[in-house]
Protein chains: 4
Amino acid sequence: MTSILLDEGQGVVQAAMEKAREIGQPMNVAVEDNGRYLKAFARMEDAWLGSIDIAIDKAFTSASFVMPTQEMTQPGQPLYGLEATNNGRVVIFTGGIPLMRDGEVAGAIGMSGGTVDQDQKVAEAGIAAF
Amino acid sequence: MTSILLDEGQGVVQAAMEKAREIGQPMNVAVEDNGRYLKAFARMEDAWLGSIDIAIDKAFTSASFVMPTQEMTQPGQPLYGLEATNNGRVVIFTGGIPLMRDGEVAGAIGMSGGTVDQDQKVAEAGIAAF
Amino acid sequence: MTSILLDEGQGVVQAAMEKAREIGQPMNVAVEDNGRYLKAFARMEDAWLGSIDIAIDKAFTSASFVMPTQEMTQPGQPLYGLEATNNGRVVIFTGGIPLMRDGEVAGAIGMSGGTVDQDQKVAEAGIAAF
Amino acid sequence: MTSILLDEGQGVVQAAMEKAREIGQPMNVAVEDNGRYLKAFARMEDAWLGSIDIAIDKAFTSASFVMPTQEMTQPGQPLYGLEATNNGRVVIFTGGIPLMRDGEVAGAIGMSGGTVDQDQKVAEAGIAAF
């Protein structure tokens with residue numbers, strides 16, 4: 001029973017969206033289970049279309065490596081080229097966070113639509129509801 | 001204001017899932033807007049993983065051609081080969097229905113997880129909530 | 001100077017669209033050159049989104065094999081599976097016609113948005129303008 | 001009625017091509033609607049084949065994030081890796097500009113074939129005709 005349940009996932013999505021409304025930035029919000037599969041998703045009015053895939057793939061990336069997405073690699077550093085793996089679904093910048101339960105990965109949230117800081121804040125609000 | 005709003009899409013998803021629970025068949029439920037972009041999605045516990053893409057792509061197909069997905073073609077009939085178009089995202093069997101508003105397409109619902117009859121019934125329950 | 005010029009391609013597109021308006025069916029119209037590369041394209045209001053790729057790929061298919069798209073193959077016949085080649089861009093039903101100049105291929109037109117018969121009529125109107 | 005109409009899109013394409021002729025640089029010109037779908041396209045004689053996709057994808061990028069394409073990111077900066085998202089269709093250099101109507105995105109123009117400065121000038125000429 002480690003993996004996130006639908007009710008939990010929908011709660012995470014709603015909490016994230018409330019934060020996004022509070023800061024006035026429309027967002028795409030995705031929650032995936034611990035198998036990297038989409039569980040719940042919502043796109044707010046006027047959220048960027050280019051952010052649908054990014055939100056889903058940030059959750060995918062966080063669940064893939066059980067860590068927050070962040071500046072994962074750069075030219076000259078180890079793992080350079082990581083974003084080309086997994087059919088190009090790895091996102092190497094901020095906005096995805098794993099959902100942990102009793103020390104194990106239960107899933108992940110991915111967020112896209114604002115600046116890197118806004119995405120991070122909204123993702124944290126989602127995590128707090130888990 | 002033709003395209004479906006998030007609140008509406010989430011309502012459609014919830015209504016479809018209630019029906020799926022009633023008939024005891026876990027489902028993936030997707031609602032897309034009139035641009036074929038994902039608006040709301042939910043996957044019930046134990047719903048087939050193979051049905052995530054099918055649900056999303058049934059909504060994509062219904063919004064693409066503004067008609068229910070159905071037995072769209074068969075060998076020997078016109079349009080044979082249709083399922084190979086649009087990067088293989090066209091689903092040519094039952095389970096997707098357009099969401100219409102004032103005679104124009106507002107989006108579409110796609111459903112996958114049960115038999116063709118079950119998918120259709122659940123999709124109709126979603127439509128009824130729109 | 002065999003390959004179609006832009007002015008010619010735009011003329012073909014306009015002629016096809018006039019026919020589509022005459023029969024009251026919104027269409028996507030694509031003209032490609034003899035290298036199978038997009039030269040001119042137009043999408044009429046309310047034309048199916050699912051037909052953008054189909055129109056472009058019908059022109060691609062016609063220019064690829066220098067013949068009209070049509071019921072090119074079926075289960076049990078030679079070339080079964082043809083639609084899976086060329087990265088899935090081969091369309092094996094009606095609506096694409098080569099544009100010929102002095103017995104050589106100059107390009108192709110592809111049409112999508114109506115029934116097979118409507119697509120064919122509109123494609124022929126485009127060809128007639130070449 | 002926010003999204004760009006075909007007549008408008010064709011006017012934008014023609015205006016851009018006139019500018020391209022004036023500066024003597026053959027170009028690919030794409031106009032997409034506010035759903036990132038191709039509305040009108042033209043390729044001038046001798047325009048680079050490699051620029052077809054770039055023109056279309058610059059329009060896609062501008063409509064995706066409702067901002068001009070530009071030097072969006074570089075190694076060491078936030079969003080590094082952005083170009084790998086959306087199936088590799090994000091173009092992170094100059095040449096795409098959103099088409100705005102009453103403060104909302106109506107679509108976008110994308111241009112490719114010359115230097116970054118030439119592309120920008122031609123794109124602006126297209127925008128001016130909207």
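These questions and answers walk through a predicted model, its chain contacts and one of its sheets.

Student: By what turn can chain A be laid on chain B?

Tutor: The model is predicted, and the fit has an RMSD of 0.2 Å. The shift along the axis is 0.2 Å. The two copies are thus related as by a two-fold rotation axis. The turn is 180°.

Student: Which residue of chain A has the C-alpha nearest that axis?

Tutor: Take the axis that relates chain A to chain B. The nearest C-alpha of chain A lies 2.5 Å from it. That C-alpha belongs to Phe41(A).

Student: What percentage of the contact residues of chain A recur in chain B?

Tutor: The contact takes 20 residues from chain A and 20 residues from chain B. The same surface serves both copies. The share that recurs is 100%.

Student: How many salt bridges cross the interface of chain A and chain B?

Tutor: Chain A and chain B bury about 1,600 Å² between them, with 49% of it on carbon and sulfur atoms. The interface also holds 15 residue pairs in polar contact. Lys39(A) forms a salt bridge with Glu45(B), with the closest N and O atoms 2.8 Å apart. The salt bridge count across this interface is four.

Student: Which element gives the largest share of the side of chain A that touches chain B?

Tutor: The elements giving two or more residues are helix H1 (6-22), strand E2 (38-43) and H2 of chain A. The largest share is six residues. They come from E2(A).

Student: What rotation superposes chain A on chain D?

Tutor: The superposition has an RMSD of 0.2 Å and a shift of 0.6 Å along the axis. The copies are thus related as by a four-fold rotation axis. In chain A, the C-alpha nearest this axis is that of Pro75(A), 4.7 Å away. The rotation is 90°.

Student: Do the copies in chain A and chain D use the same or different surfaces?

Tutor: In this contact, 16 residues of chain A meet 19 residues of chain D. Of the contact residues of chain A, 12% recur in chain D. The surfaces are different.

Student: Which three residues supply 35% of the area that chain A buries against chain D?

Tutor: The area buried between chain A and chain D is about 1,400 Å². Carbon and sulfur atoms give 64% of that area. No other three residues of chain A supply more than this trio. They are Trp48(A), Leu49(A) and Phe93(A).

Student: How many salt bridges are there between chain A and chain D?

Tutor: This interface has five residue pairs in polar contact. Helix H2 (residues 50-65) of chain A gives the most to the side that touches chain D, with four residues. The salt bridge count is zero.

Student: Why does the salt bridge of Arg101(A) and Glu8(A) tie together parts that are apart in sequence?

Tutor: The closest N and O atoms of Arg101(A) and Glu8(A) are 2.9 Å apart. Arg101(A) lies in strand E3 (residues 96-101) of chain A, while Glu8(A) lies in helix H1 of chain A. The pair therefore ties together parts whose separation in sequence is 93 residues.

Student: Which are the edge strands of the sheet that joins strands of chain C and chain D?

Tutor: Eight strands form an open sheet, in the order E3(C)-E4(C)-E1(C)-E2(C)-E2(D)-E1(D)-E4(D)-E3(D). The pairing is antiparallel. Each edge strand pairs on one side only. The edges are strand E3 (96-101) of chain C and strand E3 (96-101) of chain D.

Student: What angle does the direction of helix H2 (residues 51-65) of chain C make with that of E4(C)?

Tutor: This helix packs on the sheet. Among the strands it touches are strand E1 (28-33) of chain C and strand E2 (38-43) of chain D. The angle is about 155°.

Student: Which residue takes a positive phi in the hairpin of E3(C) and E4(C)?

Tutor: E3(C) and E4(C) pair in the antiparallel sense over six bridges. Ile97(C) stands opposite Ile109(C) in E4(C). The hairpin has two residues between the strands, and the phi is near 55°. The residue is Asp102(C).

Student: What is the bridge partner of Met100(D) in E4(D)?

Tutor: Strand E4 (residues 104-112) of chain D runs antiparallel to E3(D). Six bridges join these two strands. The partner of Met100(D) is Val105(D).

Definitions and conventions. Residues are numbered from 1 along each chain as its sequence is written. Chains are lettered from A and ligands numbered from 1 in the order in which they are written. This is a predicted model: local features need pLDDT of at least 70, side-chain atom pairs count only at pLDDT 80 or more; totals for chains, interfaces and linings use all residues. Side-chain values use heavy atoms; hydrogens and water are left out. Copies are superposed by least squares on the C-alpha atoms of residues with pLDDT of at least 70 in both. Contact means heavy atoms within 4.5 Å. Two strands pair if DSSP finds at least two bridges between them. Axes are lines fitted to C-alpha atoms, for helices over the stretch in contact, and angles run from 0 to 180 degrees between N-to-C directions. Buried area is the accessible area (1.4 Å probe) that two parts lose on being put together, summed over both. A salt bridge is a side-chain nitrogen of Lys or Arg within 4 Å of a carboxyl oxygen of Asp or Glu. A polar contact is a pair of N or O atoms within 3.5 Å; within protein, one must be able to donate a hydrogen and the other to accept it, and residues adjacent in sequence count only if both atoms are side-chain atoms.
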